[in-house]
Amino acid sequence: MAEASASTTEAPRLFTVASRASVLAQIQTNIVVDSLRAAFPALDFTTSFMSTEGDKNQSQALYVIGGKALWTKELEVALKEHAVDMLVHSLKDVPTTLPEGCELGAILEREDPVDSLVVKHGLPYKSLEELPDGSVVGTSSVRRVAQLRKAFPKLQFMDVRGNLTTRFTKLDSPTGSYTALILAKAGLVRQNLGSRITCDLKAPILFHAVGQGALGVEILSNDAQAKELCKAITHWQTNWKCRAERAMLRVLEGGCSVPVGAATEIEPLDSSASGPTKSKLTITGTVTGLTGTPHVQTTLEEEINSVEEAEAVGEKLARVLMETGAKAILDDITKDRDAKKVEAGVSK
Ligand SMILES: NCc1[nH]cc(CCC(=O)O)c1CC(=O)O
């Protein structure tokens, strides 16, 4: 703790922890600041919230307005200008490759990473199986639609954008067209809306997104003090699992808008160890065609001793997936998207 405080000749450093201005982002930032304060009671922390391009542009499809960097770019500018010290992100929204000079300093303990079903207020259904034929299910994730289309061919999946409040208003409106929404459980729970969940959709029905449910803290690579603070709030099991998932996605070259799913478990093999220790990592990766087929899925189970070894397992998993059909699926999607961009008048 003492090493992290400023030298006695200078004023103590105030750490500004920043994120997007959405309700969820603010809640997540407060989780990070609470952990920092608990670990470093003598240091000063404050928060800063800014709206990003992704928050402002809610009408155009995500593949038109750009990739994942949409949510992080403005924040990274503030980080690089030293206007703020740490950025809090939903890890699943963080690109697998960060800009030069930035890195993920911390990954905090994951909430349940699964997706959940929320049914329109007043309707008696609990699960996707119970929804009447033709029901409209709202989700803007190609991963969810691709994986669910084959098992539920009689349901219609429709895009829904906006923050959680907007989405719930659209769902519950008596004249609205949605019968249900699929959302990440973690976001619902963190916003105290867990009571609206009618069921969880887990593997093997639906594999969650890479990094889903975990918080990531981005810092400048040359900020040794921030790095040390981040190390103290990192949950090593979540870190190993999510680094493996992200390494897989990096090799698959997918952003948030590719139908890649994951399910990861880690079992420490030395139960007496309190920190990172030899563990059994079990990771499943999936890549699904946009219509539900083809679907490739592989599970690797390996003993690992470090986060680097976790990443190596994720990379290996991606290579196996690529060789067994993922490459054809992803190439197809890229072609299709480029064609749509040309139609929409956007240069690639
Ligand atoms: N893409 C939007 C997004 N980014 C993170 C979350 C929820 C929290 C999380 O997964 O960590 C959500 C909403 C959702 O997918 O329902």
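**Entry 1: H82**

Where does H82 lie? I looked this up in a predicted model. I found H82 in the loop between α4 (73-80) and β3 (86-90). I noted a phi near 60° for H82, a positive value in a residue other than glycine. I recorded for comparison that most residues other than glycine have a negative phi. Is H82 buried or exposed? A residue counts as exposed if 12 or fewer other C-beta atoms lie within 10 Å of its own. H82 has 10 such neighbours, so I entered H82 as exposed.

**Entry 2: N192**

I turned next to N192, which is not a glycine but has a positive phi of about 65°. I located N192 in the loop between α7 and β9. N192 has 9 other C-beta atoms within 10 Å, and I therefore listed N192 as exposed.

**Entry 3: cis peptide bonds**

I then went through the peptide bonds. Most peptide bonds are trans. I found that the bond from A203 to P204 is cis, with omega near 5°. P204 belongs to the loop between β9 (197-201) and β10 (215-220). I also found a cis bond joining T293 and P294, where omega is about -10°. I placed P294 in the loop between β12 (279-288) and β13 (295-304).

**Entry 4: helix α1**

I examined helix α1, which covers residues 23-39 and has 17 residues. From its first C-alpha to its last, α1 reaches 25 Å, close to the 24 Å expected at 1.5 Å a residue. Which residues of α1 are buried? I listed A25, Q28, T29, V32, S35 and L36. Seen down the axis of α1, these buried residues fall within an arc of 120°, so they line one face of the helix. I noted the general reason for such a pattern: an α-helix has 3.6 residues a turn, so residues three or four places apart point the same way. On the face of α1 turned away from the buried side I found the exposed residues D34 and A38. I then asked what the buried residues of α1 pack against. The partners are β1 (14-20), β2 (44-50), β3, α7, β10 and α8 (224-233).

**Entry 5: helix α9**

I looked up helix α9, residues 236-252, which also has 17 residues. Its span from first to last C-alpha is 24 Å, close to the 24 Å expected at 1.5 Å a residue. How many residues of α9 are buried? I recorded 13 of the 17, so α9 is largely enclosed by the rest of the structure. After α9 comes E253, whose phi is positive, near 60°.

**Entry 6: the ligand shell**

I listed the residues around the ligand as S90, K92, D93, L183, A184, A186, G187, Q212 and G213. The elements that give two or more residues to this shell are β8 (180-184) and α7 (185-190). I sorted the shell into three nonpolar, four polar and two charged residues. I also checked the domains: the shell draws at least three residues from each of domain 1 (1-108 + 213-234) and domain 2 (115-201).

**Entry 7: T299**

I closed with T299, which I found in strand β13. With 13 other C-beta atoms within 10 Å, T299 is partly exposed. Leaving aside its neighbours within four places in sequence, I noted that T299 is in contact with T282, I283 and T284. I also looked up A262, which is 37 residues from T299 along the chain. The C-alpha atoms of T299 and A262 are separated by 9.5 Å.

Note on methods:
Residues numbered from 1 in each chain as written. Predicted model: local features only at pLDDT ≥ 70, side-chain atom pairs only at ≥ 80, totals over all residues. Near = placed C-beta within 6 Å. Helix = DSSP H or I, 4+ residues; strand = E, 2+ residues; numbered from the N terminus. Nonpolar A, V, L, I, M, F, W, Y, C, P; charged D, E, K, R; others polar. Domains from an automatic or database assignment. Expected span 1.5 Å × (residues − 1). Buried ≥ 20, exposed ≤ 12 C-beta atoms within 10 Å, placed from the backbone. Arc of directions from axis to C-beta. Contact = placed C-beta atoms within 7 Å.
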